[in-house]
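Open the model in your viewer, and keep the selection panel to hand. The stops below are meant to be followed in order, each beginning with something to select.

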Amino acid sequence: MNTNKVDVIVVGAGPSGVSAAITIAKSGKKVLIVDRSDAAGEKNMFGGAIYAKQTAEIFPEFWNSAPIERAITEQRIYMLTDADSTLLSYRYASKGSYKAFSVFRSKWDKWCIEQAVKAGAYYAPKTIVRELILENGHVTGIKTDLEDFHADIIILADGVNSLLASSIGLKKELKDSDVTVNVKEVLQLPKERLQDRFNIDDEDGVAAKIMGGPLKNMFAMGFLYTNKDTISIGVGVSLDELKKNCIKPYELLEEMKEHPSIAPLIKDAKIIEYSSHMLPEGSFDNIAKVYDNRVMVAGDAAGFVDNMHFEGTNLAMLSGKLAGETAVFAIDRGDFSASTLSMYYKKLEKSIIIKDLKTHNNTIATLKNNIETITSLYPELACEFFETLTAADEIPKKDKYKKFLLKVIKSGCIRKTIPLGVFAMEKCLKR
Amino acid sequence: MNINDKLATLKYNKDKESHLSVNNDICINCKEKYCTFICPANVYEWNTNKCELTIRYENCLECGACKIACSKKNINWKYPNAEHGVKFKNG
């Protein structure tokens, strides 16, 4: 009997891996979760916020004990032109029904793995899996720098690069257009000043998306989250755009930070951390083959990201849970074949993961094709509208609005928007 | 703020050996040298005098972008050894 044998090995202690491990441990099976960092989360970074409802399915009422920063109570969209901006804001009362929380990954992931260990999972930090052990072409274990481990089922939750899923042919090599490079800074500001600046109460927080301005005409989006006494600000930009435009990602972030509408938000805030991380640009065509004999792939490793809606950790947790449930079923059955594990894919298909990825299948391509309209023309027209509405001068109002309407028509805005509208409608109405 | 000031905010445990390597002969003939600007940690720099790619692997943020971006598929990319590389205090 091999002493290094468990029922399931999970590689990676991010949101998908931990969800899988908890699900399996709670059913009484032996699960080992290995992670390359000294403490879970120390190699991870995101915007970011976690979504309350889906997170609570893994960690019920986590907000009472987990290390959260702020409950997000306002969503902003900054539409920038070169010097001006139009701000859209949606503010809501969160008491009793939280939507999202800003968190730091090194604190959050650490708390999550503690919950998995409490549920009975074995956790091996500082453990890098260099390769998978194959017997008769089937994955039966992992090789680490120290020793080998064996299991009936291996769940690969090793993140966007997933060298392991690639090594056994489950994942195609990523292309420039498949990923975004994200850079972020954490900026410190006294709590009171931060709350005054963002017009928020003690526990409340703001999440913002930033488009246009220095990011115009490219597939790039800025983000900002308020934490307790820090602001997380960053940019995600498609790797093919970086290459095409010869841009350094951190310089793009600097330009965005200097925009007259953004700079006051972070004025006097002191940088305490810089970080970067790559994200898959979620689309159905790009997802990995997520199961085979004795193996399943979850989270970013599988390509489960909805970039359009800033969703990733929620899909990771859900996919981890579904992989975990499938593993438990397979172990009870004593059958770890691909045909049994295909249950995982069926569960994914029934969940929002596959449904949303199918909906967004060519959305990113369509957005990229219309990127100037979205990131340049729309912010310009929005600002122009407010300028027309608010400028008190000698020009008669009728002439003003006529001028604005003529500009809208001449800009081709209507002609350019119709295909986008039709595209969106087809996506939503098609069955 | 320049990239060195940004990187100075981070905690690293430098590995003895680089986890990143290239075949420099291929780099010499590479016109684009995408790695020299897409990297969020400015790890790669072309040394014109030596005709050699300088790899400051100790600054790597382990994102993986260079591996994908290299048009010659010439970057041998792996994770640093356990207990090495970058550590995000917040993330």
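Begin with the hairpin in chain A that joins S9(A) to S10(A) through 3 residues. The model is a predicted one, and this first stop serves as the entry to a set of paired strands. Select strand S9 (residues 138–144) together with S10(A), and the two will be seen to pair in the antiparallel sense over 3 bridges. To find the register, look for A:Ile142, which stands opposite A:Phe149 in S10(A).

Keep S9(A) displayed and add strand S8 (residues 129–135) of chain A, which pairs with S9(A) in the antiparallel sense over 6 bridges. These two strands also form a hairpin, here with 2 residues between them, and A:Asn136 in the turn has a positive phi of about 50°. Beside that turn, A:Glu135 stands opposite A:His138 in S9(A).

Now return to S10(A), residues 148–156, and colour the strand by burial. Is S10(A) enclosed or open? Of its 9 residues 7 are buried, so the strand is largely enclosed by the rest of the structure. Select strand S1 (residues 5–11) of chain A next, which pairs with S10(A) in the parallel sense over 6 bridges; within this pairing, A:Ile9 has A:Ile154 of S10(A) as its bridge partner. S10(A) also pairs with strand S17 (residues 295–297) of chain A, again in the parallel sense, over 3 bridges, and there A:Leu156 has A:Val297 as its bridge partner in S17(A). When inspecting any of these strands, bear in mind that in a regular strand the side chains alternate between the two faces of the sheet.

Move on to A:Asp109, which is found in helix H3 of chain A. Its count of 27 C-beta neighbours inside 10 Å is why A:Asp109 is classed as buried, the cut-off being 20 or more. Show the surroundings of A:Asp109 and, leaving aside its neighbours within four places in sequence, you will find contacts with A:Ala13, A:Gly14, A:Ala40, A:Gly41 and A:Asn44. Then draw a distance to A:Pro15: although 94 residues separate A:Pro15 from A:Asp109 along the chain, their C-alpha atoms are separated by 7.2 Å.

Two helices of chain A are worth setting side by side. Select helix H9 (residues 313–333), whose 21 residues should span 30 Å at 1.5 Å a residue, and whose end C-alpha atoms are indeed 30 Å apart. Of those 21 residues 17 are buried, so H9(A) is largely enclosed by the rest of the structure. Just after H9(A), A:Gly334 takes a positive phi of about 70°. Then select helix H15 (residues 413–429), for which 17 residues give an expected span of 24 Å, in agreement with the 24 Å between its end C-alpha atoms. The number of buried residues in H15(A) is 0, so this helix lies largely in the open.

Next, colour chain A by domain: domain 1 takes in 5–68 + 103–172 + 288–359, domain 2 takes in 177–280, and domain 3 takes in 363–429. The C-alpha centres of domain 2 and domain 3 of chain A lie 25 Å apart, and the contact between these domains takes 7 residues from domain 2 and 7 residues from domain 3. On the domain 2 side of that contact, the residues comprise 4 nonpolar, 2 polar and 1 charged.

Bring chain B into view and look at where the chains meet, with 40 residues of chain A in contact with 28 residues of chain B. On the chain A side, the elements that give two or more residues are helix H3 (105–118), strand S11 (179–188), helix H6 (239–245), helix H7 (249–258) and strand S15 (270–280). Which of these gives the most? It is S15(A), with 8 residues. By class, the chain A side divides into 19 nonpolar, 8 polar and 13 charged residues.

Finish by isolating chain B, which has 4 helices and 6 strands, arranged along the sequence in the pattern α-β-β-α-α-β-β-α-β-β. Its C-alpha atoms fill a box of roughly 40 × 30 × 25 Å, taken along the principal axes. For 91 residues a compact globule would have a radius of gyration near 12 Å, and the 13 Å of chain B agrees with this. Buried residues make up 38% of the 91 residues, and among the contacts in chain B with a separation of 6 or more, residues 24 or more positions apart account for 66%.

Key
Residues numbered from 1 in each chain as written. Chains lettered and ligands numbered in written order. Predicted model: local features only at pLDDT ≥ 70, side-chain atom pairs only at ≥ 80, totals over all residues. Contact = placed C-beta atoms within 7 Å. Nonpolar A, V, L, I, M, F, W, Y, C, P; charged D, E, K, R; others polar. Expected span 1.5 Å × (residues − 1). Buried ≥ 20, exposed ≤ 12 C-beta atoms within 10 Å, placed from the backbone. Rg over C-alpha atoms; globule rule 2.2 N^0.38 Å. Pairing = 2+ DSSP bridges. Domains from an automatic or database assignment.
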